[in-house]
Amino acid sequence: MFESIRRARLQREGLSCGKTRRKHQEGDLFDEMRTHPAGTVGVYVLFFAGVAVLMRLGTLVEDGLPALSWLHALFAAAIGFAMVSHERVALREQISDNSILLLVLGIILMHIALIVLMLDMSAGLSWGKTLKAVVLPHAFGPLVLSVILGRRIGLFAAIYATLFGVLVCISVSAPTFLATSALIGFTGVLLTKRVRRRNRLFMAGLYVGLVAMAFSLLLHEAAGVIMDEKISRMVGLPLIIGIVTGMVVGGLLPVLESVFGVTTDVTWLELGDLNHPLMRRLSIEAPGTYHHSLVVANLSEAAAETIGAGANMCRVCSYFHDIGKLSKPEYFIENMDPAANPHEDLTPRMSALVIIAHVKDGVDLAIKHNLNSRIIDVIEQHHGTSLAYYFYRQALDHKTEQERLVKLGKVKEDDVQQVSEETFRYPGPRPQFKESAIISLADAVESASRTLEKPNASRIETMIDEIVQARMADGQLDECDLTIAELAKIKASFAKTLLSMMHGRIKYQKAVEARPAVVAAVEAKPRLAADDEPVIAASTGNIVEASFSSPLTEQPAVVKKPRGRKTSAA
């Protein structure tokens, strides 16, 4: 209420337009709980409670199964301790967020629940225990988590879905279940490297089904029960379950991405459509910024590839990182008319405020168009808390001039404006993750590369090194997890990409534009111009303009086209 009153007062005074920019999850309780230890404990408690329920249901899928005992609880506690230790030691960086932890444990729980459901459905069918173990959807959890969060977490899911599954599925032989679940789960993880198309999930499910089919035949043969099962069941059911699993995973991914705020490579490729309304506006209203964004995308994508970061994410976020410039595109140098600089009518402080405002304007536009949360993070962080140095320097120079005029008695001392560095700094925050830091550096490097005269490898490398060192000295890279070794690879990638973009070209001579007869006459009797005298070629038609290179001077001898009467050769 008080904020709206203050805004109304500023609007009456002409200091506000009455509108507010949208903000990106500031002070939200949900954001705090994402990293709070209490949230982590709560997620683990929910998971183990779910495992206990599933263990109880696993004893009810068939009649005559033994009831749960304290020994089962002890086994579950031991496996649970191993899982927590594994996650906290080996996957702490990948699962630092409680929402990601909830996603991982939730998918493992869903995986085990699907297995119990499948066992319950098969209880009334005349399937042997070996076939029941093979047709379970062992690849579901590993496939989902491997595509969304990476293959390391996919393997984590395959391991602990198998171990907890042994305790839940007591109606199936433990060794058979253990071997089958491990084989199919690890196969699913192996097949999910760089899933860039949704049809790859179908193919992964098909290959998982083929592996399960072959293992089913071998398992039945080794157990000596191959004659007790129909061949269509042993071959067809594992293949069908594998294909259906791949299709279900493909359909479930968009839902999980939306609920948990994660994005797969498949979705990043879909988001990288340059026909997005904001990109179309950028190409029309701010073409210089549009081109700048494309170059930054190329730089950041190549750099991310070298250190194993999210290359697709870098490309897409780079496309949108400067959309805030759509508010006032003419105030940015890449879109500015050389004949009319709007900053000439503004004070340095006001110019800095206009330039810095493009970050908040970009966040507002991104939220309005429902862009991915990672894109919004990059928009906020791509300048960090860096200094708008050009206008800060102008303000200092203006202050120095005012102080000089005060000494001469031409200006009152009260009229000298104080210059605060904080006024000329971006609001931040600083880059919080690798991809954001890479885009921040690529943005600065691309802008600086436009000022290079006669760029070569040495000058480009020196420029990049100076920019990175300045960012490090200013503390802009303190909050991301880039290492010195990774920064060295990023700098080398920037230099390689920029050098390929800014390579020189051979200066071609102008093409000869002449009638065949004139060209033939020139080739038949070439003659060098003395003292740069024009050479005129004659023909029965009109005199035309032609040019050719002198073999002695390497200067083009010009054939001019006079107006009026026809002229004969000199």
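The numbered points below go through a predicted model of a protein chain, from its overall make-up to single residues.

1. Overall make-up. The protein chain has 570 residues, of which 43% count as buried, and its secondary structure consists of 22 helices and 2 strands. If one takes the contacts in the chain with a separation of 6 or more, residues 24 or more positions apart account for 73% of them. The chain exposes about 31100 Å², and carbon and sulfur atoms supply 58% of that area.

2. The largest nonpolar core. This core holds 59 residues, and the members that touch the most other members are Met 83, Val 104, Ile 108, Val 144 and Phe 164. Helix H5 gives the largest share of this core, with 12 residues. Apart from it lies another core, made of 52 residues, among them Val 316, Leu 326, Ala 442 and Val 445.

3. Met 83 within that core. Which residues are in contact with Met 83 once its neighbours within four places in sequence are left aside? They are Tyr 44, Phe 47, Phe 48, Leu 105, Phe 156, Tyr 160 and Phe 164. Of these, Phe 164 is also named, together with Met 83 itself, among the core residues that touch the most other members.

4. A nonpolar patch on the surface. Met 110, Leu 114, Leu 117 and Met 121 make a nonpolar surface patch of about 360 Å². Leu 114 has its place in helix H5, which covers residues 98-122, and this leucine counts as partly exposed because its relative accessibility is 31%, a value that lies between the 20% limit for buried and the 50% limit for exposed. Helix H5 is thus worth viewing from two sides, since the largest share of the largest nonpolar core also comes from H5.

5. The enclosed helix H7. Helix H7 spans residues 140-149, and 9 of its 10 residues are buried, so this helix is largely enclosed by the rest of the structure. The buried residues are Phe 140, Gly 141, Pro 142, Leu 143, Val 144, Leu 145, Ser 146, Val 147 and Ile 148, and they pack against H5, helix H8 (151-168), helix H9 (174-190), helix H10 (199-223) and helix H11 (231-260). Just after H7, Gly 150 takes a positive phi of about 110 degrees.

6. Arg 152 in the neighbouring helix. Arg 152 is found in helix H8, and, with its neighbours within four places in sequence left aside, this arginine is in contact with Ala 90, Leu 91 and Gln 94. Although Arg 152 and Leu 91 are 61 residues apart in sequence, their C-alpha atoms are 8.2 Å apart in space.

7. Two buried acidic residues. Is Asp 361 buried or exposed? Asp 361, whose place is in helix H16 (residues 348-368), counts as buried because its relative accessibility is 14%, and a polar contact of 3.5 Å joins its side chain to that of Ser 327. Glu 435 lies in helix H19 (residues 434-449) and likewise counts as buried, at 14% relative accessibility. Not counting residues up to four places away in sequence, Glu 435 touches Ala 309, Gly 310, Met 313 and Cys 314; the C-alpha atoms of Glu 435 and Ala 309 are 6.7 Å apart, while the two residues are 126 positions apart in sequence.

8. A cis peptide bond. Where in the chain does Pro 429 have its place? Pro 429 is in the loop between helix H18 (389-407) and H19, and the peptide bond that joins Gly 428 to Pro 429 is cis, with omega at about 5 degrees.

9. Positive phi outside glycine. Asn 370, found in the loop between H16 and helix H17 (373-381), has a positive phi of about 55 degrees although it is not a glycine. At 68% relative accessibility, Asn 370 counts as exposed. Lys 454, found in the loop between H19 and helix H20 (457-473), also has a positive phi without being a glycine, in this case of about 50 degrees, and this lysine is exposed, with a relative accessible area of 74%.

Methods: Residues numbered from 1 in each chain as written. Predicted model: local features only at pLDDT ≥ 70, side-chain atom pairs only at ≥ 80, totals over all residues. Heavy atoms only, no water. Patch = residues over 30% accessible without salt bridge, like charges linked within 9 Å, V, L, I, M, F, W, Y side chains within 5 Å. Areas by Shrake-Rupley, 256 points an atom, 1.4 Å probe, with all protein chains shown as cover. Salt bridge = Lys/Arg side-chain N within 4 Å of Asp/Glu carboxyl O. Helix = DSSP H or I, 4+ residues; strand = E, 2+ residues; numbered from the N terminus. Buried < 20%, exposed > 50% of the residue type's maximum accessible area, 1.4 Å probe, protein only. Polar contact = N/O pair within 3.5 Å; in protein donor to acceptor, adjacent residues only side chain to side chain. Core = buried A, V, L, I, M, F, W, Y, C linked by side-chain atoms within 4.5 Å. Contact = heavy atoms within 4.5 Å.
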